[in-house]
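User: I have a new structure open and have not looked at it before. Can you walk me through it?

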Amino acid sequence: MSIYSQSEQPELTLGFVPLLDAAPLIVAKELGLFAAQGLNVTLQREASWASIRDKVAFGVLDGAQMIAPLPLASSLGLGAAAVPMTTALVLSSGGNAITLSSRLMQQLDLDPAKLPCPLASGIALQQHLQHRTQLQPLRLATVSPYSCHHYQLHYWLSVAGISARQVEVIGVAPAAMAAQLASGAIDGFCVGEPWSSLAQLNGDGTIVTSCDQLWHNWQEKVFAVNQQFADNKPQCYLALLTALLQACHWLADISSNPDKKSQLWYWLVQGHYLALTDSALHNTGLSPNTLFNKAVPQAFGPALNMPWRSQGAFMLQQMRNLQQWQGPLNQALLSQVYRPDLYRQVAAGLGFAAPKEDWRYR
């Protein structure tokens, strides 16, 4: 029985975007972990992070899987009206990759044996751009201007000496990335799995670096709610966090556990989740083994699931670097958005270890 059995709202709708790191929500639903907390949860698939943000902001969704910078951006009013949001649980680390189109790869002086490698691929692209004669700049895509994908892509370009003026960066929904690459509408993208693997298996692109090679052990997706929900329904919030942390723990050995791998695969391919159809799987050769042995997001660990305020501060700096926001380091804002105290409470209730510090410097 849940220790949060007095949940203020047992009927809930949570949002997700069809990516591998939606797995904690799917596992919590399919294994009955939400139900064990006295919660009747409906999972609602959304096409974009903007939709997720807006529906959580206005209470259409009670909570959602979110790209890690989005609760911070929403609280600051970046890209939409300011709505305070908060997170007490990181759902995943890693899982993003930068993929360039096969057309572009043919023009780069790059040894495929060196891939994936951020420095080799970045230098090859920089050298190509020096001699590029086309008037139209390269068009690269990320899922949102307020995402780790966006900041990681710009970081990769910057380290290679590529100016933001040499490329055009646009927004594309995750599930549309592979098709946009295949059609020639974009020359590359940064997105979470499985869309990079699908593009590569289809022959439309090549993964040139995993983003974990750029920022190791970096939070990628979080579970977030608006501040009003967290304040008004604290028992419900803790029950949700408990079920989701249990799901993350179940996923800890997914790459090495054949039974869990098959079970998760069965859930993911369903039309109401990732909608990886049988025909698509047959045509690409995508399978549990090929997918889960690639740039798979990690889902569990005392430091991994911790909503580090230091990582929030780093994301504020990325927003400043790209001139999205010009304010100072705001300790009060970081304390509102990131709630490591609630994470520790939930972890302790499940018998899991948790870091004692709110900031990490390594």
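User: How much of the protein chain counts as buried?
Analyst: Of its 362 residues, 56% count as buried. Buried means under 20% relative accessible area, exposed means over 50%, and partly exposed is in between, with a 1.4 Å probe and protein chains only. This is a predicted model, in which local features need pLDDT of at least 70, side-chain atom pairs count only at pLDDT 80 or more, and totals for chains, interfaces and linings use all residues. Residues are numbered from 1 along each chain as its sequence is written, and side-chain values use heavy atoms, with hydrogens and water left out.

User: What is the radius of gyration, and what would a compact globule have?
Analyst: The protein chain has 20 Å, which agrees with the value near 21 Å for a compact globule of 362 residues. The radius is taken over C-alpha atoms, and the globule rule is 2.2 Å times the number of residues to the power 0.38. Along the principal axes, the C-alpha atoms fill a box of roughly 65 × 50 × 35 Å.

User: And the accessible surface?
Analyst: The accessible surface of the protein chain is about 14600 Å², and 51% of that belongs to carbon and sulfur atoms. Accessible areas come from the Shrake-Rupley method with a 1.4 Å probe; for residues, only the protein chains shown count as cover.

User: How many helices and strands are there?
Analyst: The protein chain has 17 helices and 10 strands. Both are DSSP runs numbered from the N terminus: helices are H or I with at least four residues, strands are E with at least two.

User: In what order do the strands around β3 sit?
Analyst: The order is β2-β1-β3-β10-β4, five strands in an open sheet with mixed pairing. Two strands pair if DSSP finds at least two bridges between them. β2 (40–45) and β4 (85–93) are at the edges with a single partner strand each, so one side of each has no neighbour in the sheet. From one strand to the next, the twist averages 25°. Angles run from 0 to 180 degrees between N-to-C directions, and axes are lines fitted to C-alpha atoms, for helices over the stretch in contact.

User: Which strands does β3 pair with?
Analyst: β3 (residues 63–67) pairs with β1 (residues 11–16) in the parallel sense, over two bridges. Leu-14 has Gly-63 as its bridge partner in β3, and Gly-15 has Ala-64. β3 also runs antiparallel to β10, with four bridges joining them; there Met-66 is partnered by Val-222 of β10.

User: Is β3 mostly covered or exposed?
Analyst: Mostly covered: five of its five residues are buried.

User: What lies across that sheet?
Analyst: Helix α3 (residues 49–57) lies across β1, β2, β3, β4 and β10 (219–226), at about 140° to β3. Contact means heavy atoms within 4.5 Å. The buried residues of α3 include Trp-49, Ile-52 and Val-56, and the buried residues of this helix pack against β1, β3, α4 (70–76), β4 and β10. After α3 comes Gly-59, with a positive phi near 80°.

User: What about the sheet with β5 in it?
Analyst: That is an open sheet of five strands in the order β7-β6-β8-β5-β9, with mixed pairing. β7 (167–171) and β9 (205–210) are its edge strands; each has a single partner strand, so one side of each is left without a neighbour in the sheet. The twist there averages 25° from one strand to the next. β5 (residues 96–101) and β8 (residues 188–192) run antiparallel and are joined by five bridges, with Ala-97 opposite Val-191 of β8.

User: Which helices pack on it?
Analyst: Helix α6 (residues 118–131) touches β6 (138–142), β7 and β9, at about 125° to β9. Helix α7 (residues 148–159) is in touch with β5, β6, β7, β8 and β9, and makes about 60° with β5.

User: Switching topic, how many disulfides does the structure hold?
Analyst: Zero. A disulfide here is a pair of cysteine sulfur atoms within 2.5 Å. For Cys-117, the nearest cysteine sulfur is that of Cys-211, 13 Å away. For Cys-190, the nearest is also that of Cys-211, at 3.6 Å.

User: Are those two, Cys-117 and Cys-190, buried or exposed?
Analyst: Cys-117 counts as partly exposed, at 23% relative accessibility. Cys-190 is buried, with a relative accessible area of 0%.
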